[in-house]
Amino acid sequence: MAKRDQMLRLVHISDLLKSKKEIGATYDQVRNYLEEKHYDQKGYDNDLAFSGKTFKRDRDLLLEIFDIEIQFKRKTMTYQIVDNGNLDQSQGIFENLMLINAYKQTVDHSKIMLFEKRQASGVHHLEGIIYAIKNSKTISLQYTKYWENQSHKKVLQPYALKEFRNRWYLLANEDDGKDFFLKTYGLDRISDFDIHSKTFSKKEVDIEALFTNSFGIVSTINEKPQRIILSFKQPQGGFVKSLPIHHSQKILLDNENELTIELTLVPTYDFYQELLTHAERLKIVEPKTAKDQYLEFLEKAAEMNG
């Protein structure tokens, strides 16, 4: 496994090449960029000193760990990153690595970085679940739903992990011999987790496709997505532009008064909850069905607080 300093170097190489996706960067440009990021300072392991051999190893690691491919263009003598659809997904991982590095620098200055104290639990199960997924091992656990006080034992075939709103969810099929169906299980509601020696035959499933038209953790694979147009007052539009609501987001209008965007998705409960966070700064332009559902949520909120 790559060391922390090496992982950070991978992040910087990826950032540089993504910023030069069309033209690429020469070896000297990559080296100079890393030197600017202080990878030439004393204190780093000797085997992390940057060289042609090290750069080759870094490119191999980016492909192996993050599925990010870097190609050498002999005509221009540049290295270019190949956009195979994984760049956005890897960005979240890279940002977490940078956060860890930043936090390490503040260990003796706890007032510098103030973290959200309200965090969901369950992440201690991540390593074990990943092992089970990679090795097609069945798992068992006790699972407690929010609306129930009693836990239920589940024997599952784990397939993937998905993050949503700082919570992690397990996507798994029940190991009961019945019809195959991936359900979501919040890691913060899992206890008595155990990995079995029994293996299962993993089905070919396009996990990404399950959520392409979704917002949140509910799969909408068999539902037809809708074209939804939203208008935001400024400066709220700036926040929506910097942190898109959905990967399908397209900007239709952007001026000093408003931001109008188009989304293509299946509206779910999670989606409407997201819209409610914008409340008085949001107008749903179309479709009418989405507007009506949104107003119904607002009316229920008003009744609860009336």
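Which residues of helix H5 (residues 126-134) are buried? Select the helix and pick out Leu-126, Gly-128, Ile-129, Ala-132 and Ile-133. Keep in mind as you click around that this is a predicted model.

Now look down the axis of H5: the buried residues fall within an arc of 165°, so they line one face of the helix. Flip to the face turned away from that buried side and you'll meet the exposed residues Glu-127 and Lys-134. To see what covers the buried residues, add strands, including S3 (137-143), S4 (152-164), S5 (167-174) and S7 (190-199). Just after H5, stop at Ser-136, whose phi is positive, near 50°.

Next, jump to strand S8 (residues 226-233). It runs antiparallel to S10 (residues 258-265), joined by eight bridges, and Leu-230 stands opposite Ile-261 in S10. S8 also pairs with S11 (residues 282-286), again antiparallel, through four bridges; here, find Phe-232 opposite Leu-282.

Time for charges: the whole structure has 15 salt bridges. Start with Lys-241 and Asp-254, whose closest N and O atoms are 2.6 Å apart. That pair links distant parts of the chain, with Lys-241 in helix H7 (residues 236-242) and Asp-254 in strand S9 (residues 250-254), 13 residues apart.

Then slide over to helix H9 (residues 288-304), where Lys-288 and Asp-292 are four residues apart and so about one helical turn from each other. Their side chains form a salt bridge at 2.8 Å, N to O. Lys-288 counts as exposed, at 61% relative accessibility, while Asp-292 is partly exposed at 35%. Also in H9, Lys-300 and Glu-296 meet at 3.5 Å.

Last stop: select Lys-154, Glu-174 and Lys-183, which are linked in a salt-bridge network.

Technical notes: Residues numbered from 1 in each chain as written. Predicted model: local features only at pLDDT ≥ 70, side-chain atom pairs only at ≥ 80, totals over all residues. Heavy atoms only, no water. Buried < 20%, exposed > 50% of the residue type's maximum accessible area, 1.4 Å probe, protein only. Helix = DSSP H or I, 4+ residues; strand = E, 2+ residues; numbered from the N terminus. Arc of directions from axis to C-beta. Contact = heavy atoms within 4.5 Å. Pairing = 2+ DSSP bridges. Salt bridge = Lys/Arg side-chain N within 4 Å of Asp/Glu carboxyl O.
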